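This report looks at the surroundings of the ligand and at one sheet of the fold, as they appear in a predicted model.

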Amino acid sequence: MKKTTMNRRTFLKAGVGTAAVLGIGGGVMHHLNMVDAKGRILIIGGGAAGCSFAARLMRRLSNPDITLIDPADRQYYQPGFTFIAAGIFKPDEVWKPMSKCIPSGVKWIKDSVIELDPVKQTARTAGGQMVEYDFLVLTPGLQINWDKVEGISRETLGQGNAHCIYDFMGAQRIWPAIQELVAKGGRGVFTDTYTKHKCGGAPKKICMLTEHLARKEGKRDGVQLDYFCSEKALYDVPLYTPRLLQIYEERNIGLEVRHRVKGIDTLAKKVYLEHYEKVKETQTDAQGNEIEVEREIVTPRVEDYDLLSFVPPQSAPDFVRNAGLSWTEGKLAKDGWAMVDKKTLVHLAYPNIVCLGDVAGIPTSKTSSAIRIQLPIAVDNLLSIMQGKEPTKEYNGYACCPIVTDYGHVLLCEFDYDKNPDITFPFTLQDMSKEQASAWMLKKHFLKPMFFYGMLNGLM
Ligand SMILES: Cc1cc2nc3c(=O)[nH]c(=O)nc-3n(C[C@H](O)[C@H](O)[C@H](O)COP(=O)(O)OP(=O)(O)OC[C@H]3O[C@@H](n4cnc5c(N)ncnc54)[C@H](O)[C@@H]3O)c2cc1C
């Protein structure tokens, strides 16, 4: 397949301009006043959110004192993993050395934070360094809990044809397996997971791309495809759900809801699931009163597969929970997501901490498109806090999930916290409740350079 060739120079000439015209750029950086606020800023995690935050801050502070802790050698454009898995991108197109992504002037500690004390305002690294801060930017992304799926690990991905595209190697291993499934025929089983996870669209996309590949190769009759969804519905944004369901039905992809993956037998090629149903029951309490309680009925189920695509459960990194930075009640508490104000992105217990990206406990999709809109808000709010002012900028929950429906079309789902469509120009001119070729062009050719040359440089 043809390689995407947009490089930095082409992007800067065409990309920022185009993106500035396209509303999709959202937070394209205009000329902003420099701020002379003082303080030691520590950024934990230099991924999509952390590195872009550092770059923006460098453009705003006249005397920046920024330290960034991250152990990674590479900065990955993770949305590209789905395209590697579908043979559209080559693996080397989706990463850059971390050393080239961290803005100059930022002090990089190449290590992992293992302990954080928000009261003493210190972070301790695995290498034993203690770092003090005045202001903290919490952006360590999320933790993929491989051990929560029995019978497979990150290292053994691909064994027994069980794959996961949430990993760089995993995405590479599934592509030949998909081609083999299409060529030889068999059953492809695709699943997601029961915790909040990055890009909820990704598992659905790889399923639809496999289906389209089989059709393009004239092999569709020999391939059975089934999607096991952990939620009670395949998607929950009203404008887009009907078309997505229609696509699954039109293309004869089996769909089952309320199924959690618990384990895999890679020798026998069986996936162990549990189906759950919530029922309301009336019980009598200690005082003899009748009360309504919810009970979960769980039924185990085993499915044979020839190719499996699964997603492990995900949570906030352990050190975030151990530091007492997580929600303690509500839906976001169980997996330790950071307790931040959903509008200002400021931590609710520690006003010198801003938090964005996948680790943030806010009710929106965990995507880099959401981060692009969170960035200017979180940066402005941190600058206000540093100057002793109230954080006033507000995030509306905007996220964009480009659901690739085939090799040539994307259902571009843009929405806010209330799941209302929040469609950006020029897509406002099209019927975005359906998949569009224009959105495919954006996804295939523009979003990656926008990430590497725009977002990571603090330009959008
Ligand atoms: C398969 C797949 C498909 C996706 N598709 C899309 C898509 O189509 N559109 C979209 O917008 N988004 C998509 N995403 C989601 C997007 O990639 C993430 O939402 C985004 O990368 C999150 O950014 P982040 O900075 O919060 O975390 P990350 O980018 O994951 O960065 C976290 C950083 O923190 C570092 N870190 C972790 N722990 C520590 C520690 N203890 N100490 C110091 N540093 C630490 C890590 O090394 C890493 O560099 C996809 C993701 C995947 C996996």
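## The shell around the ligand

By residue class, the shell around the ligand in this predicted model divides into 18 nonpolar, 13 polar and four charged residues. In total, 35 residues surround the ligand, and the closest are Gly-45, Gly-47, Gln-78, Gly-141 and Gly-357. Two or more residues of this shell come from each of helix H2 (48–60), helix H3 (80–85) and helix H9 (368–386).

The shell is also shared between domains, since at least three of its residues are drawn from domain 1 (8–142 + 316–455) and at least three from domain 2 (146–313).

## An open parallel sheet

Five strands form an open sheet in the order E5-E2-E1-E9-E20, and their pairing is parallel. Strand E5 (107–109) and strand E20 (353–355) each have a single partner strand and stand at the edges, so each of them has one side without a neighbour in the sheet. From one strand to the next, the twist averages 20°.

## Strands E9 and E20 with helix H9

At the E20 edge of the sheet, strand E9 (residues 135–138) pairs with E20 in the parallel sense, over three bridges. Within this pairing, Val-137 has Val-354 of E20 as its bridge partner.

Helix H9, one of the elements that contribute two or more residues to the shell around the ligand, lies across both E9 and E20, and runs at about 165° to E9.

Definitions and conventions. Residues numbered from 1 in each chain as written. Predicted model: local features only at pLDDT ≥ 70, side-chain atom pairs only at ≥ 80, totals over all residues. Near = placed C-beta within 6 Å. Helix = DSSP H or I, 4+ residues; strand = E, 2+ residues; numbered from the N terminus. Nonpolar A, V, L, I, M, F, W, Y, C, P; charged D, E, K, R; others polar. Domains from an automatic or database assignment. Pairing = 2+ DSSP bridges. Axes fitted to C-alpha atoms, helices over the stretch in contact; angles between N-to-C directions. Contact = placed C-beta atoms within 7 Å.
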